[in-house]
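Colleague: I am new to this structure. Could you take me through a single part in detail?

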Amino acid sequence: MRIEAKLAALGLELPPPVRVPQGVRLPFTPVHIVGDRALISGHGPQDGTGASVGPFGKVGAEVTLDEGYQAARLTAVSMLGSLARALGDLDRIEAWVRVFGMVSSAQDFHQQPAVINGFSDLILELFGDAGAHARSAVGMVALPFNLPVEVEAEVLIRR
Amino acid sequence: MRIEAKLAALGLELPPPVRVPQGVRLPFTPVHIVGDRALISGHGPQDGTGASVGPFGKVGAEVTLDEGYQAARLTAVSMLGSLARALGDLDRIEAWVRVFGMVSSAQDFHQQPAVINGFSDLILELFGDAGAHARSAVGMVALPFNLPVEVEAEVLIRR
Amino acid sequence: MRIEAKLAALGLELPPPVRVPQGVRLPFTPVHIVGDRALISGHGPQDGTGASVGPFGKVGAEVTLDEGYQAARLTAVSMLGSLARALGDLDRIEAWVRVFGMVSSAQDFHQQPAVINGFSDLILELFGDAGAHARSAVGMVALPFNLPVEVEAEVLIRR
């Protein structure tokens with residue numbers, strides 16, 4: 001539980017499963033394991049109860065760059081919570097593969113990479129060389145629940 | 001032909017290959033097989049002739065949530081048509097891997113998951129446990145041919 | 001160096017690594033190799049110095065379809081530059097797998113496939129059958145650095 005220990009040392013706590021608003025159905029798997037690949041569904045920032053957490057809206061409009069960075073960092077924590085439940089131990093992650101960072105963006109906002117750095121910086125801090133990943137960071141017109149950030153990813157796991 | 005039988009029982013017919021408007025070139029493979037992976041290009045809803053089918057426009061503006069759900073369901077049927085042509089038999093699909101659901105969205109539309117459920121619900125109904133998948137459902141400012149929904153996916157196949 | 005020779009015959013030169021504006025951090029890997037897969041981060045068009053190159057803006061507004069096509073072609077050249085650095089020789093690419101083409105789009109622009117054809121056409125010209133790929137071509141509300149086009153991809157490599 002080396003990664004979990006690092007998270008604790010940073011004062012970060014893994015949230016429980018996503019708690020969705022009444023009437024919302026999410027008929028898919030947060031982490032879907034196929035062979036040695038773990039495909040990770042789109043995640044957003046959660047609070048300690050598992051609920052989606054704001055600030056809500058588009059980065060470059062209602063949400064600032066700094067708030068977007070923090071939302072992306074919280075999204076990494078949220079994803080690690082799902083991975084911990086699916087894998088039992090985050091140390092089973094052999095390598096990060098791909099990170100697809102989606103930023104709900106105002107028409108004229110072009111700093112998506114600086115927002116998704118909040119995700120990448122934490123993954124690199126926790127996993128070191130194994131945290132290296134291919135990445136895109138791009139602007140969406142709108143995201144579910146009016147989230148400012150959503151990230152989809154893939155990791156390689158030890159079986 | 002277990003999956004094809006289920007489709008028939010639901011009264012669903014697989015459409016022919018995509019028929020594109022004059023002058024449009026799509027120089028890529030609808031289903032690209034690499035080892036035991038089948039990568040599936042972005043698909044949208046088609047009618048029985050293979051043409052793209054409306055209602056066209058953005059969900060939350062010209063297109064309602066219910067119409068979006070139906071378009072996503074038709075998109076699954078369209079994709080199964082491409083998979084049947086590429087694989088010979090849909091029973092060769094061992095597992096669904098990843099679904100990336102793109103919804104042409106009005107600025108303030110945030111129910112992309114409820115739209116893409118039209119895709120996921122049908123896949124799960126047809127494939128059962130093998131239909132489980134990782135998924136993102138997100139908002140695009142515009143999609144080709146003014147489609148309301150486009151889905152890209154990956155499945156694992158038996159060789 | 002068969003592919004490099006073809007590039008030279010077309011008069012195309014691979015650009016140096018991406019040169020980012022001051023203060024920009026991109027803490028990820030342009031080409032991330034995991035087993036026989038090379039995951040390629042989002043790339044845009046570059047000039048001969050490695051800087052992002054315009055015309056900047058949204059296709060269908062500030063940028064024309066033809067300019068978008070050329071930007072997508074330059075994006076392929078940019079990506080081949082990163083692949084050449086990561087692999088040593090572009091002939092190590094056994095097959096293209098997936099191309100995800102993102103077009104910064106005006107609200108009512110729906111010809112994303114015609115833009116991303118600038119990418120696909122060059123890859124097919126250079127790689128022949130090995131250049132075949134699954135593809136999506138979709139509309140983003142905004143891209144980093146106000147680029148008109150960004151492409152993410154995956155290739156299979158010989159080890």
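Modeller: Here is a look at one helix pair, followed by the chain contacts around it. Keep in mind that this is a predicted model.

Start in chain A. Helix α2(A) covers residues 65-87, and helix α3(A) covers residues 112-127. Their axes come within 7 Å. They cross at roughly 35 degrees, and the crossing is right-handed.

Now the residues that make this contact. From α2(A) come Leu65(A), Gly68(A), Tyr69(A), Gln70(A), Ala71(A), Ala72(A), Arg73(A), Thr75(A) and Ala76(A). From α3(A) come Ala114(A), Val115(A), Ile116(A), Asn117(A), Gly118(A), Phe119(A), Leu122(A) and Ile123(A). By class, the contact of α2(A) with α3(A) has 11 nonpolar, five polar and one charged residues.

Next, the contact between chains C and A. Chain C gives 22 residues and chain A gives 25. On the side of chain C, β1 (31-34), β2 (37-43) and β5 (149-157) each supply at least two residues. The largest share there is four residues, from β2(C). That side of chain C divides into 14 nonpolar, five polar and three charged residues.

Last, chains B and C. Here 22 residues of chain B are in contact with 25 residues of chain C. Strands β1 (31-34), β2 (37-43) and β5 (149-157) of chain B each bring at least two residues to the side that touches chain C. β2(B) provides the largest share, four residues. By class, this side of chain B has 14 nonpolar, five polar and three charged residues.

How values were computed:
Residues are numbered from 1 along each chain as its sequence is written. Chains are lettered from A and ligands numbered from 1 in the order in which they are written. This is a predicted model: local features need pLDDT of at least 70, side-chain atom pairs count only at pLDDT 80 or more; totals for chains, interfaces and linings use all residues. Two residues are in contact if their C-beta atoms, placed from the backbone, lie within 7 Å. Ala, Val, Leu, Ile, Met, Phe, Trp, Tyr, Cys and Pro count as nonpolar, Asp, Glu, Lys and Arg as charged, and the others, Gly among them, as polar. Axes are lines fitted to C-alpha atoms, for helices over the stretch in contact, and angles run from 0 to 180 degrees between N-to-C directions. A crossing is left-handed if the near helix is turned anticlockwise from the far one by less than a right angle, and right-handed if clockwise.
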